[in-house]
Amino acid sequence: MKLHLVFIIILSFSIFLSGCTDQGVKIVKPSQEEVSQIKPIGDKISKELVMTLQKELKAAVQKGGLNEAINVCNMKAIPLTSIIADATDKVVHIKRTTYQFRNPDNAPDKTEMAALDYYKSLINEQKDIPPFYIQKIKKDEKTYYNYYKPMKVKAICLNCHGDTEKIKPEILKEIYKLYPDDRAVNYKNGDFRGLIRISIE
Ligand code: HEC
């Protein structure tokens with residue numbers, strides 16, 4: 001009798017705990033009107049972000065000091081505030097996320113995982129992937145939108161995200177020094193790399 005009770009208490013406690021992380025987060029499909037409000041903001045910010053990242057990457061590769069430039073792919077190195085200020089007066093947060101991340105800070109949360117899974121299922125079915133994807137998020141009392149932009153691997157990315165046998169040893173060494181649990185290698189040109197996520201309040 002007593003043992004049963006203990007078991008039930010443990011069971012209900014673990015159900016309570018496992019519900020905690022996702023508690024209060026609901027993903028809803030946005031209306032057409034909401035999409036037309038959010039899309040231009042997301043388009044503008046993601047476009048500028050991709051352009052800035054590419055420009056910095058190209059400059060770093062041209063300089064030749066790839067392993068000194070290892071941080072060019074870090075968004076902390078980019079003046080995000082000015083990109084946001086140019087695009088909107090709303091409260092905006094930017095992140096990149098992916099299944100195989102280099103920096104654990106970029107690991108997907110529940111809503112981002114749902115967006116990654118959405119893109120992955122289309123890719124698995126060999127369908128064209130949409131240029132953007134919007135989730136309406138209800139969290140506790142708050143409502144906001146997640147705009148996602150898919151990223152693909154290009155030739156230049158392979159310098160640091162390609163086949164480990166082909167990445168320059170000194171770069172690989174630096175990557176493993178900075179990111180001991182790195183998973184962001186062995187991509188091929190054209191692979192789906194992940195998503196830029198722009199939260200718009
Ligand atoms: C010079 C080396 C280098 C090159 C070239 C490079 N990256 Fe990265 N990339 C990194 C490093 C280092 C990080 C980890 C940055 C951080 O700490 O957030 C990273 C992180 C990322 C992330 C964030 C997710 C994660 O894995 O943590 C994405 C997405 C990404 N890179 C995409 C690309 C794409 C797309 C290209 C080509 C256009 C590219 N990278 C080229 C070094 C590079």
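**A sheet and a ligand pocket**

Hi everyone, let's start with one pair of residues: Ile-27 stands opposite Ile-137 in strand E3. Before I go on, please keep in mind that this is a predicted model.

So where does that pair belong? Strand E3 covers residues 133-139, and 4 bridges join E3 to E1. Those two strands run antiparallel. As a quick reminder for anyone new to sheets, strands pair through backbone hydrogen bonds, and the pairing can be parallel or antiparallel.

Now step back to the whole sheet. How many strands does this open sheet have, and in what order? There are 5 strands, and you can follow them across as E1-E3-E4-E5-E2, with antiparallel pairing. At the edges you will find strand E1, residues 25-28, and strand E2, residues 92-97, each of which pairs on one side only. As you go from one strand to the next, the twist averages 25°.

Let's move on to the ligand. Where does the ligand sit? Look for the largest pocket, and you will find the ligand there. Two elements each give two or more residues to the shell around the ligand: strand E4, residues 142-152, and helix H5, residues 158-161. You have already met E4 in the strand order of the sheet.

What kinds of residues make up that shell? The shell divides into 12 nonpolar, 6 polar and 4 charged residues. Of the 22 residues around the ligand, the ones that come nearest are Cys-73, Asn-106, Cys-157, Cys-160 and His-161.

Let me finish with some polar contacts. Asn-106, which I just named, has a polar side-chain atom 2.7 Å from an oxygen atom of the ligand. For Asn-103, a polar side-chain atom lies 2.8 Å from a ligand oxygen atom. Arg-193 joins in too, with an N or O atom of its side chain 2.8 Å from an oxygen atom of the ligand. Thanks for listening!

Conventions. Residues are numbered from 1 along each chain as its sequence is written. This is a predicted model: local features need pLDDT of at least 70, side-chain atom pairs count only at pLDDT 80 or more; totals for chains, interfaces and linings use all residues. Side-chain values use heavy atoms; hydrogens and water are left out. A residue is near a molecule or strand if one of its heavy atoms lies within 4 Å of it. A polar contact is a pair of N or O atoms within 3.5 Å; within protein, one must be able to donate a hydrogen and the other to accept it, and residues adjacent in sequence count only if both atoms are side-chain atoms. On a 1 Å grid over the protein atoms alone, a cavity is a set of points where a 1.4 Å probe fits but cannot get out, and a pocket is an open set with protein on both sides within 12 Å along at least five of seven lines; lining residues have an atom within 4 Å of a point. A molecule sits in a cavity or pocket if more than half of its atoms lie within 2 Å of its grid points. Helices (H or I, at least four residues) and strands (E, at least two) are DSSP runs, numbered from the N terminus. Ala, Val, Leu, Ile, Met, Phe, Trp, Tyr, Cys and Pro count as nonpolar, Asp, Glu, Lys and Arg as charged, and the others, Gly among them, as polar. Two strands pair if DSSP finds at least two bridges between them. Axes are lines fitted to C-alpha atoms, for helices over the stretch in contact, and angles run from 0 to 180 degrees between N-to-C directions.
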